[in-house]
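Hi,

Here is the structure I promised to pass on. My notes on it follow right below, so have it open while you read.

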Amino acid sequence: MIGITSYGAYIPRLRLDRMSIFQAMGWFAPAIMMVAQGHRSMCNWDEDSITMAVAASRDCLCGRDKKELDGLFLASTTLPFADRQNAGIVSTALNLKENILTSDFTSSQKAGTSALVTALEAVRGGGMKNILVTAADRRETKTAYFYEMWFGDGAASVAVGDKDVIAEFKGSYSVSYDFVDHHRGALKKYDYVWEERWVRDEGYSKIIPEAVNGLMKKLGITIDQVDKLVYPCFFKAEHSNIAKKLNASPDKVVNTMHETCGDTGAAHSMLMLVSALENAKPKDRILVAGFGQGCDALYFEVTENITKLSKRNGVKGSDKNKKVIDNYMKWLKFRDIIQTEMGIRAEAPTQTAMTALWRKRKMLLGMVGGKCEKCGTAQFPKMDICVNPACGAVKSQTDYEFAGVPAKVKTFTGDLLAVSVDPPHKYGMVQFEGGGRFMADFTDCEFEELKVGLPVQLVFRRRVEDKERGFINYFWKAMPVPGAAEEMGKVRFDGRVAVITGAGAGLGRVYALELAKRGAKIVVNDLGGSRDGSGAGSSSAADRVVDEIKAAGGEAVANYDNVATPEGGERIVKTALDAFGKVDILINNAGILRDKSFLKMEPENWKSVMDVHLTGAYNVTRPAFKVMRENGFGRIVMTTSAAGLYGNFGQTNYSAAKMALVGLMNTLKLEGKKYEIKVNTIAPLAASRLTEDVMPPEIFEKSKPEFVAPMVVYLCSEECRESGSIFNSGMGYCNRAAILTGPGIKLGDAGKPPTPEQISENWSRINSMEGAKEIEDANSAIFALIAPPDTGKKEAGGQKGAETDVKGIFGKMPEAFNASAAKDVDAVFQYVISGSGGGSWFVTVKDSKCNVTEGTAGKPTCTLKISDGDFVELITGKLNPMQAFTSGKLKIEGDIMKSQLIGKLFKLN
Ligand code: NAD
């Protein structure tokens, strides 16, 4: 059996919003509005047909032995070289063996299908066993043109052979006509296109049916024996008409991918075929046609092997990774349609020494380094002496392909001075898994996405173009692994064990689901009792949540104990230890309500609420705290309530219990501090059975536990450095509540207590909360009484909230001045800080001295504009200056170069 053995696809990450074309050029060509919907794919500035063909081929070859290939055919009408075999560059980049047939197929939109027919017939002939066919196109169009909207960039690859066939080749039929719907002269950049009506009526709608009918006749099949019909045609209505002419029902016709990327020229039929294969099941019969000066039609039947194919990116993966942009000027620049001043640095010689390229071809095009046979150290580039100082073996290295090895960012920079088509020029060191480092350019990412530790993969791209000699230099660059940046920034709980009490319903259930989704193993505790805690419990509530977690791929066990007894608490923690070996996170969430006005509040109601909320938290926390202390890690969340923090009629029992939990936290945070145990308290507001009759109906509808869970999840995370704080959370709002102490006043002296009269006289100062502070612990509170601050504004020992403010930073600037770096500097830096904590200050540096003045300077050397919050982050090292500048948070007017001295002149953090 011969046929397709593998497939792969590549559509560039960038997509241009078609409306942005209209927005920029609609004034000139209003008619393009008709087709200005969706987006088209566009190459990054460093991509072309060769780089896309390499990417699609790598996707196609994943999990395969490249040595099996006997041939590589590259089809495209936009090959970068008219005379230097382009397929040879792809083959070297892929590190294919040298005794291989390579060939370019070009000059027609059907070049892709023609290459595919040729490869299949070569395998059928028996002279070759495995051939890789790849097709890619990056067609240029003039601006403000329908074709600018319709075309897209992309590539597809299929391997054909006689083993492990996923789609059996049944036969092909071709027609060839010199039908000139469009043409591109040998030295022309753009196509010349004849009238659309004629192209449609005489071209697509006659020639495609002719070839398809010819094939069906040749093979003795009817359209009923076709499950997926693939043919290109960017005229939407005509595409449907062709199906009608062929009597094919619309559900068989494979989508033209106009919404995904646009028409990718010589690659398009193959790209649509790959898209059809991605969705195919065994026994599906696919008929594919390629159009251009005639038509090729091929017929395949999908086999069981398709189910065994390893995971690949394909069309779906490319689409998932897309980034839609609406910057039409960027498009024009990347396509080299507008000329920008690149500066004299761009004039540096770019000539490539063909001798060096030949000698180092494996290293430069194939990303082949070395691996020491003695010590196993991998290095790039390959050298005569092993880099491992403990080894130092000579001529011990064998070829080692780095292109497919996973890597991470070790260092990075964004250089605004270096020449770049897409500044800042992003480059840095990447570290390969298993050893080896490489100084790489970063591509297909924004500067803000780069982070140390970010997983990257290597991609083959254009590096420099030698326009004078018409030569393109290719090399490997590093690109963030799609989705890795978001994954990296995610709060995760892999390996952590969480106990959540009362997790069978309401808030606890959502906490459990969210923590499990992020990797935590969960003990779902719930007694399954009634709202007021009366009656016998039931295991169904906890079991249901455990089932939900497991169904979503998480790990969880149920526990049905009552938190209100010490034995129950012990057993809940034991459940975690037995199932998962530890407890890292505890959320004391179980709760009941027994509301009554105070005089009707009998001891029974008082006690049962105290037992579940306060004593329950004690019962579970105590054994959990022991484990956390031993392990040196813990996150505990108590659950209070607005009723406790602020009071609520009819809830004296509940308010008292809920506020008592704040007291429990206040001391536990001190006892847990040494052991990395953080204790915080949540005051949730969410719709649940506890609140359905106390909340107004419209608020009840709007508030879901999902709006509270993010805050609780964060408080449970390693990232959380907070301890001893209370947070209100609900309906998307989060804020902190705290117990504040006013500055007060000292009355009387050591031998003489103050009198009630003095208290009365000084009531307004005693009662004043102006300058109130949080106090860390009871000792600090006593200290504050013994030595109250003069104005209430100074920080006392142990007080929280010593925030850095803008004014304070300017006050400290003279101390932070580095006079030795200021030699010969004569500059005035004007700061305009927006926001409530902002203002204007200018810093004068002259004769190795510095002067900071509030206000506006007459003639500043440069003016820096930034918000108060961002300024504090910048100075405290939390915001990178380059990032602040490129993201627009920091705006610099005047002499930008001088502003770069600031970092050297002042060492503030
Ligand atoms: P809920 O009734 O939906 O959930 C509470 C769960 O705790 C129930 O599944 C219940 O079976 C379980 N439970 C009760 N007593 C138990 C016990 N002794 N042992 C084990 N499990 C027991 O209520 P919810 O609104 O999700 O409340 C969760 C927590 O949040 C409670 O502590 C509540 O006081 C607090 N709270 C909720 C709100 C809100 O707006 N929902 C506001 C403030 C505070």
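Among contacts (heavy atoms within 4.5 Å) between residues at least 6 apart in sequence, 70% join residues at least 24 apart. Before you lean on that: this is a predicted model, where local features need pLDDT of at least 70 and side-chain atom pairs count only at pLDDT 80 or more, while totals for chains, interfaces and linings use all residues. Numbering starts from 1 along each chain as its sequence is written, and side-chain values use heavy atoms, with hydrogens and water left out.

The chain has 909 residues, of which 50% count as buried (under 20% relative accessible area, with exposed over 50% and partly exposed in between; 1.4 Å probe, protein chains only). Its C-alpha trace spans about 110 × 80 × 70 Å along the principal axes. I get 29 helices and 38 strands (DSSP runs numbered from the N terminus: H or I of at least four residues for helices, E of at least two for strands).

Now the packing. The largest nonpolar core (buried Ala, Val, Leu, Ile, Met, Phe, Trp, Tyr and Cys joined through side-chain atoms within 4.5 Å) holds 56 residues, and Met 367, Val 430, Phe 432, Phe 438 and Phe 460 touch the most other members. Helix α2 (residues 49-61) supplies the largest share of this core, 7 residues. A second, separate core has 50 residues, including Met 149, Met 216, Tyr 299 and Leu 332.

On to the sheet I liked. It is open, with 9 strands in the order β5-β4-β6-β7-β1-β8-β13-β12-β11 and mixed pairing (a pair needs at least two DSSP bridges). The edges are β5 (101-105) and β11 (228-230), each pairing on one side only. Inside the sheet, β6 (131-137) and β7 (154-161) run antiparallel and are joined by 7 bridges; Asp 137 has Gly 154 as its bridge partner in β7.

Last, helix α1 (residues 18-25). Arg 18, Ser 20, Ile 21 and Met 25 are buried there. Seen down the axis, the buried residues fall within an arc of 160 degrees, so they line one face of α1 (the arc is that of the directions from the helix axis to the C-beta atoms). They pack against β2 (14-17), β3 (39-41), α5 (146-150) and α10 (328-334). Asp 17 caps the N-terminal end of α1, with a side-chain oxygen 3.0 Å from the backbone nitrogen of Met 19.

Cheers

Conventions: Polar contact = N/O pair within 3.5 Å; in protein donor to acceptor, adjacent residues only side chain to side chain.
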